[in-house]
Each structure stands twice: as structure tokens, then as C-alpha cells.
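Hi everyone, thanks for making time. I'd like to walk you through a ligand and the pockets of one protein, so please have a look at this.

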Amino acid sequence: MSTIDDLFSLRGQVALVTGASSGLGVEFARVLAAAGADVALVARRRERLEEVARELRGAGVRAAAVPADLAADGDCARAVADAESQLGTVSILVNNAGVAPMSRAEKHAREKWESALRLNLTSPFLLAQEVARRLIEARKPGRVVNVTSVLAGRANPVYNAIGYVASKAGLENATRQMAMEWAKHRITVNAIAPGWFQTEMTEHGFAESANVEKVLGRTPMGRLGEAHELSTALLYLVSPASTFTTGTTVYVDGGWTSW
Ligand SMILES: NC(=O)c1ccc[n+]([C@@H]2O[C@H](COP(=O)([O-])OP(=O)(O)OC[C@H]3O[C@@H](n4cnc5c(N)ncnc54)[C@H](OP(=O)(O)O)[C@@H]3O)[C@@H](O)[C@H]2O)c1
């Protein structure tokens with residue numbers, strides 16, 4: 001019988017977290033480090049990544065800032081190679097970076113649509129492919145967690161973001177396909193679907209109280225989520241506690257998807 005510590009320990013693992021310069025990604029990096037993983041932090045803002053890396057090193061793990069524009073050609077492969085050269089083989093991938101360009105569907109510029117698809121759907125696939133290929137060659141197990149959204153399976157009643165909802169829907173089903181194909185290699189692939197949280201992504205919209213009211217009115221728990229309420233779901237999905245869990249989505253949404 002394993003102890004609770006054994007079930008949730010990530011000692012000896014190397015994690016790569018995208019979008020680790022702000023918001024939910026910082027919290028994800030913190031929980032992985034608290035459980036003992038070494039962490040590679042990926043996003044565009046180098047100084048922010050360095051700051052988070054310094055904090056994590058203070059917790060006694062190795063941490064590496066890996067600046068990259070994941071929407072740019074070649075940067076996904078380069079980020080994984082860079083993380084690996086600094087910390088070793090990546091065994092945990094958290095695909096968290098995302099953007100949500102807004103505008104009504106009939107006016108949604110093709111550039112907006114493509115920027116959402118490139119960062120929110122294509123880059124998680126390319127990163128997962130890169131990490132999985134290395135693990136398969138090395139015959140090592142691994143964990144992939146894709147951060148989707150409650151909007152992966154339904155329309156957004158608060159903001160107009162057609163490219164965003166399409167990208168998250170694609171990522172949700174890509175999660176299932178990768179899980180199915182890589183199960184035999186002991187690589188699990190799951191998703192976390194957050195409800196609504198206060199971050200850089202939502203701060204502009206939440207500055208309007210009518211938007212907050214709409215969100216809270218549709219959330220059975222009647223409040224926004226706290227980032228630490230998501231990171232515990234992540235810890236479960238990447239730890240030895242969940243080795244038989246793959247191809248699924250954990251909703252952390254205060255009940256948003258229950259009706
Ligand atoms: N907040 C919510 O209510 C909510 C709800 C559902 C789902 N989510 C999802 O949660 C994830 C995290 O979002 P958040 O709320 O924490 O928002 P956030 O604070 O805006 O974080 C987005 C992260 O993505 C990074 N990023 C953006 N463009 C990038 C690029 N081209 N290359 C590399 N990194 C890039 C940003 O860093 P740089 O600017 O430094 O590159 C930042 O670290 C997203 O996938 C989002 O869709 C959030």
C-alpha cells in the first residue's frame with residue numbers, strides 16, 4: 001500500500017509548463033515544484049519566467065526559463081530541446097498557454113481565428129508529439145495535460161470568441177486521440193477544463209461588472225475559481241495516483257457544465 005506522499009510525489013520527474021509567465025501557468029508550475037518535479041517554464045516574457053524560476057529554485061527544485069513564441073514555426077521543438085538540455089527528458093507536459101481573441105463571428109478576422117488555432121490547438125499537439133516521441137524512443141512513461149475550457153463543449157454566452165471555442169473543442173478531442181494512441185506506451189493524456197478565473201486573460205472583460213454578473217449568474221457556486229483549486233486537479237493527473245486515468249477531462253468549474 002502506497003503512502004499519500006508516494007502517490008503524489010513527482011520527485012525525479014521533469015515537467016514543462018507552457019504559459020508559465022502569468023495566471024494559471026504560474027500556479028501549475030508551483031504545485032509541480034512543491035511535489036518535487038524540476039520545471040521548465042515556457043512563454044514569451046523572459047523576465048517573468050526568470051522570476052518564477054527563482055521562486056521555484058527557492059523550493060529546492062531545478063527550474064529553467066525557456067523563452068519561446070509557441071505560435072512561431074519551430075519554437076515548439078526548440079522549447080522541448082532547450083528544456084531537455086537544461087533539465088533532462090521531459091516526462092510531464094502541461095499545455096497551458098492560450099489566447100482568446102474576441103469579436104463577433106461575422107467580423108472575426110482570419111488572423112484572429114488563426115492565432116487562436118495556432119497557439120491553443122497546434123502548439124499543444126506539436127509539443128505533445130515532441131515529448132511523446134522522445135519518451136517512446138526511451139521506453140519511458142509520461143503524462144500530458146491539456147488545459148482546455150468549459151467552452152470546449154459549448155458556446156460562450158458571455159464573450160464572442162469563435163476561434164477560441166473552436167480551438168478548445170479541437171484540443172478536447174485531440175486529447176482523447178493522443179490518449180488512445182499512446183496508452184500502450186504508458187503515456188497518459190488528459191485535459192483540465194477550467195471554469196472562470198481572474199487572470200490576465202479575463203481581467204479586461206471582468207473590468208465590466210455586467211460580464212462578471214453574467215459569469216456568476218451561470219455558475220452554480222456563484223463565484224470565480226481560485227487558481228489553487230485547479231492545481232490540485234493537475235497534481236492528480238500527473239502523479240502516480242492517476243496511472244489508470246487517460247483520455248478524460250476534469251472540469252473545475254463551480255458547476256458551470258452541470259446544466
Ligand atoms: N482564466 C480563465 O478563466 C480560463 C478559463 C478557461 C480556460 N483557461 C485557459 O487557461 C490557460 C491559461 O490562461 P490564463 O487564464 O492563465 O491566462 P493568461 O494569464 O493570459 O496566461 C496566458 C499564458 O500564455 C502565454 N502565451 C500567450 N501567447 C503565447 C505565445 N505565442 N507563446 C508562448 N506563450 C504564450 C502567456 O505568456 P507570454 O505573454 O509571456 O507569452 C501567458 O503565460 C489558457 O489556455 C486559457 O485558455 C482560462
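So, start at phenylalanine 197: one of its backbone N or O atoms lies 2.7 Å from an oxygen atom of the ligand. That's a polar contact, meaning a pair of N or O atoms within 3.5 Å. Glycine 19 also uses a backbone N or O atom, 3.1 Å from a ligand oxygen. With lysine 168 it's the side chain: an N or O atom there is 2.9 Å from an oxygen atom of the ligand. And how much of the ligand does the protein bury? On its own the ligand exposes 890 Å², and the protein buries 95% of that (areas by the Shrake-Rupley method with a 1.4 Å probe).

Quick housekeeping: this is a predicted model, where local features need pLDDT of at least 70, side-chain atom pairs count only at pLDDT 80 or more, and totals for chains, interfaces and linings use all residues. Residues are numbered from 1 along each chain as its sequence is written, and side-chain values use heavy atoms, with hydrogens and water left out.

Now, who's around the ligand? There are 31 residues, and the closest are Arg44, Asn96, Tyr164, Phe197 and Thr199; being near takes a heavy atom within 4 Å. By class, that shell holds 15 nonpolar, eleven polar and five charged residues, with Asp, Glu, Lys and Arg as charged and Gly among the polar ones. Helix H7 gives the largest share, three residues. Helices here are DSSP runs of H or I with at least four residues, and strands are E runs of at least two.

Next, the pockets. The ligand takes up the space of the largest pocket (more than half of its atoms lie within 2 Å of the grid points). A pocket is an open set of points on a 1 Å grid over the protein atoms alone, where a 1.4 Å probe fits, with protein on both sides within 12 Å along at least five of seven lines; lining residues have an atom within 4 Å of a point.

This one has a volume of about 1,000 Å³, the space filled by probe spheres set on the points. Its lining counts 43 residues, with Gly98, Val99, Ala100, Thr199 and Met201 nearest the centre. H7 gives the most here, five residues.

Last stop: the second largest pocket, with about 320 Å³ of space. Among its 21 lining residues, Gln13, Ser91, Pro141, Gly142 and Arg143 are closest to the centre.

Terms used:
A polar contact is a pair of N or O atoms within 3.5 Å; within protein, one must be able to donate a hydrogen and the other to accept it, and residues adjacent in sequence count only if both atoms are side-chain atoms.
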